[in-house]
Amino acid sequence: MSRTIQSAERVDIIVVGAGFGGMYAVYKFREEGYNVVGIEAGGDVGGVWYWNRYPGARCDLMSVDYSYGFSDEIQQEWNWSEQFAAQPEILAYANFVADRLELRKNFRFNTRVTSARWDEEEKLWRCTTDDGAVLEAPFCIMSTGPLSIPKDPDIAGIERFKGPIYRAQKWPHEEIDFTGKRVGLIGTGSTGIQITQEVGRKAGEFFVFQRTPSWTLPMRNHDLDEAYLAEMKANYPAMRAAMKMNPTGGTRPVSTRPFFSLPPSQRRDVMEHAWLDGGHTFLACFSDLLSNQAANDQVADFVRDKIGEIVEDPEVAEALKPRGYPIFARRPCLDTEYYETYNLPNVHLKDCLKDPIVEIAENGIRTESGEVELDIIIFATGYDALTGALLAFEVVGRGGVLLKDKWKEGPRSYLGILVEGFPNMIATSGPNGPAALANLITIAENDVEWAADLIGHMKKQGLDAFEVTKEAEDRWMDEVFRLAEPSLIRKAQTWWVGSNVKGKPTGLSMYVGGFANYRAHCMAAKNNGYSDLVFDKRAV
Ligand code: NA7
């Protein structure tokens, strides 16, 4: 036996990641009496909210939704200040939970898992970390997050720029002074939109290099007053129960009304009302926005008209109007006076569809038409999403099969939780589940609880290893693809379909059937006695 294996530390469960999924997994399994070790590359808890400290970072799910429901004490003790919380408050919440539940004693921070290998003989996962440690455990929970591997733009010359380049997803912990500076931003997804509306107001000159315009709706965020907070707290149990039955995994309304079931003037009223109401209520106007192209076209026209009404310069307004892909087929963003920012004299839109970026130079960004001199560049160029974090280190399953080989044509899993060929490995909010299309905290809670039930079942039955069958995984993937087939989401080039990363297999492999149906599948899998899994009995 090798030296590293002899020095390995043995625990019951290894959890990779200290985002909201990993935090809950560590807590849940510890409470059930297991010896759990969590491993996290960041310096503390919070996952994506630990890293994403860029100005304007904010969750576009309502605070009441984007928070844990598993502990009534926590939801009663914590007070949200805004309807849509900003990153500092979400990170403070993660820290509050970690303090309250004493989670840090189970985590190793500033530590990255470099490999995870299934040992068939010993029936355990052996994880190596970048500090040279080796941990072994029968179970490995991958709470690596759908958005944790940042992606730089594929542009030549990044290393040549003389000034600082800040990446939204790895923002410095100290405040950056943009006063009087010429700042260039690449990327206009949710992140770039949030940065623009914040930094655009502070910088000397602010240049937005936009390739594909996104659709964004007014957030109309507001403070939560004490009376409402008290009401919220009194009604948390009912709201949490309703969230589990909602396709979004949150409290957002969902429509059953098709667009063309209303006459034109009424449709317009519905949209006007939702536009004024703010938040994602607009998505709840009609039931068929992502399945009926004709309905989608009219809703897109409505939003394009709004952009035209807000942005004063008609040429800029035109460039900001998304065209050529369905509205909401790219992750819908929520903003606070994003379009208004372009009316400021110091904010300049560079339309990279007409005038593409050629390279990053020593002193700025060069497009086909010339160079824009800059002091600072910001990248808001997204992530290798959904599968990136799980493939960023070596994951080796039964028979020495690498996860990256199994997934070379796209991720395949069962419920987004289990993977055939990878016994005793459990993912929370994994690919092929509803992650990214529904509330991630609700999904993570569901997945952790499902995993706890499964491991509890094995303990009771004296079983020591499980694996999902190929047939069950194929059946789940057939369902995922069957539901995805008619979705308009497939018509846009985005991280949702993997097209933002060169060489990545593309396709819509998320479960688009909504959280409530997903949960029903999870419950059925459990209630039928885990018949989709095969188990090994513990040797006595
Ligand atoms: P996104 O939504 O993937 O956006 C990345 C943006 O970066 C997008 O506008 C890209 O344009 C742009 N990009 C990437 N590479 C380039 C180059 N080379 N040149 C110009 N522009 C480029 O990431 P976000 O971080 O904003 O949001 C991710 C999720 O986080 C979000 O959906 C929420 O769920 C939270 P492109 O579209 O490729 O033309």
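This is a short tour of the ligand site and one pocket in a predicted model.

**Stop 1: the ligand and its shell.** Start by selecting the ligand and showing the residues around it. You should end up with 19 of them, and the ones that come nearest are Thr-188, Thr-191, Arg-211, Thr-212 and Arg-330. Try colouring this shell by class: seven residues are nonpolar, eight are polar and four are charged.

**Stop 2: polar contacts.** Next, pick Arg-330 and show its side chain. One of its polar side-chain atoms sits 3.0 Å from an oxygen atom of the ligand. Now click on Arg-331, where a polar side-chain atom is likewise 3.0 Å from a ligand oxygen. Then go to Ala-380, and this time look at the backbone: a polar backbone atom there is 3.4 Å from an oxygen atom of the ligand. How much of the ligand's accessible area does the protein cover? On its own the ligand has 780 Å², and the protein covers 87% of that.

**Stop 3: the second largest pocket.** Leave the ligand and select Arg-53, Tyr-54, Pro-55, Gly-56 and Lys-202. Of the 22 residues lining the second largest pocket, these lie nearest its centre. The space inside comes to about 510 Å³. Colour the lining by class again, and you get nine nonpolar, six polar and seven charged residues.

**Stop 4: what builds the lining.** Highlight helix H5 (87–100) and helix H6 (190–199), since each is worth a look here: each one supplies at least two lining residues. Finally, colour by domain. Which domains does the lining draw at least three residues from? Both domain 1 (5–149 + 385–537) and domain 2 (150–215 + 328–382) provide that many.

Technical notes. Residues numbered from 1 in each chain as written. Predicted model: local features only at pLDDT ≥ 70, side-chain atom pairs only at ≥ 80, totals over all residues. Heavy atoms only, no water. Near = heavy atom within 4 Å. Polar contact = N/O pair within 3.5 Å; in protein donor to acceptor, adjacent residues only side chain to side chain. Areas by Shrake-Rupley, 256 points an atom, 1.4 Å probe, with all protein chains shown as cover. Nonpolar A, V, L, I, M, F, W, Y, C, P; charged D, E, K, R; others polar. 1 Å grid on protein atoms, 1.4 Å probe; cavity = no way out; pocket = protein on both sides within 12 Å on 5 of 7 lines; lining within 4 Å. Points joined across faces, edges and corners; volume = space filled by probe spheres on them. Helix = DSSP H or I, 4+ residues; strand = E, 2+ residues; numbered from the N terminus. Domains from an automatic or database assignment.
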